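Subject: Structure handover

Hello,

Please find the structure below, with the sequence alongside. My notes come after it.

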Amino acid sequence: MRGLLLDLDGTLYVDQDPIPGGPALLETLRERGIPFRCVTNTTSRSRRGLVERLWGLGYRISPDEIINPAVAAGRYAAAHGIRRVLALTPEPSLEDLEGLTFVRFEEPCQAVIVGDLGERWDFGLLQLAFTRLHSGATLIALSRDRYFQKAGTLTLDAGPFVAALEYAAGKPAIVVGKPSREFFQLAVASLGLPAGTDPREVVVVGDDVWSDVRGAQEAGFQGWLVQTGKYREGVLAESGVKPDRVLRSVVELLG
């Protein structure tokens, strides 16, 4: 194990509680010199907001140790000459969408960026996004996660709404968060590993069988699944995905 990418929600914490032993695990990784990054599809908080929450849970994390899809979206937009965007994302994520101009609903745009709006989604917003996409805007999805766990209940994430817009507009979304290969590569590049490091020596750990495990494996890295957060045994059995390892929790990482 030369480097680690650790999911946040469901892996390092669940709802308002840290995984028992999680904060101590990160300190052990630092002591052993194993570089890691926290990789998340969360769009309800900025990196700064995530750092505040993690410190409140006992995790000593800095903003540059977190890679989120808003950061990736900003880089993708800059590389493709996209500046004017309609951002259908939670307000905190706008902080990490650097270098972009956010248009008002009635203004034309080059791209529609979709995050997890939760209960704010309604027909009007979907129609607005569809109109812009039908006029030629690019669809950029911060994630395609199907659901997450909230207060013990599986709750719809951004993925179902992204899929609806893809179907209506007849164009695929550019997914900049997990499970995109580019997202994982961006996170791994930030680890500073020596040139020529075998990708299979990099481990991605998370509770999502598709975004974390299958995404990691398709990008050439190992995908380890934790049995916390949204993990469901039946979902794993039906998914056809074979994790490289299954852990009862992230604290078994070094066991």
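The notes below cover a sheet, a helix packed on it, another helix with its buried side, and the cysteines.

Please keep in mind that this is a predicted model.

Sheet. An open sheet is built from 5 strands with parallel pairing, and the strand order is 7-6-8-9-12. The edges are strand 7 (101-102) and strand 12 (174-175); each has a single partner strand, so one side of each has no neighbour in the sheet. For strand 12, the pairing with strand 9 (residues 138-141) is parallel and consists of 2 bridges. Ala141 has Val175 in strand 12 as its bridge partner.

Helix on the sheet. Helix 5 (residues 159-169) lies across strand 8 (111-114) and strand 9, and its direction makes an angle of about 165 degrees with strand 9.

Helix 1. In this helix (residues 22-32), the buried residues include Gly22, Leu25, Leu26 and Leu29. Their arc around the axis is only 100 degrees, which means that they sit on the same side of helix 1. As general background, an α-helix has 3.6 residues a turn, so residues three or four places apart point the same way. Strand 1 (3-7) and strand 4 (36-39) are among the elements that cover the buried residues of helix 1. Gly33, just after helix 1, has a positive phi of about 70 degrees.

Cysteines. With a cut-off of 2.5 Å between sulfur atoms, the count of disulfides is 0. Cys38 is buried at a relative accessible area of 0%, and Cys109 is buried at 16%.

Regards

Conventions. Residues are numbered from 1 along each chain as its sequence is written. This is a predicted model: local features need pLDDT of at least 70, side-chain atom pairs count only at pLDDT 80 or more; totals for chains, interfaces and linings use all residues. Side-chain values use heavy atoms; hydrogens and water are left out. Two strands pair if DSSP finds at least two bridges between them. Helices (H or I, at least four residues) and strands (E, at least two) are DSSP runs, numbered from the N terminus. Contact means heavy atoms within 4.5 Å. Axes are lines fitted to C-alpha atoms, for helices over the stretch in contact, and angles run from 0 to 180 degrees between N-to-C directions. Buried means under 20% relative accessible area, exposed over 50%, partly exposed in between (1.4 Å probe, protein chains only). The arc is that of the directions from the helix axis to the C-beta atoms.
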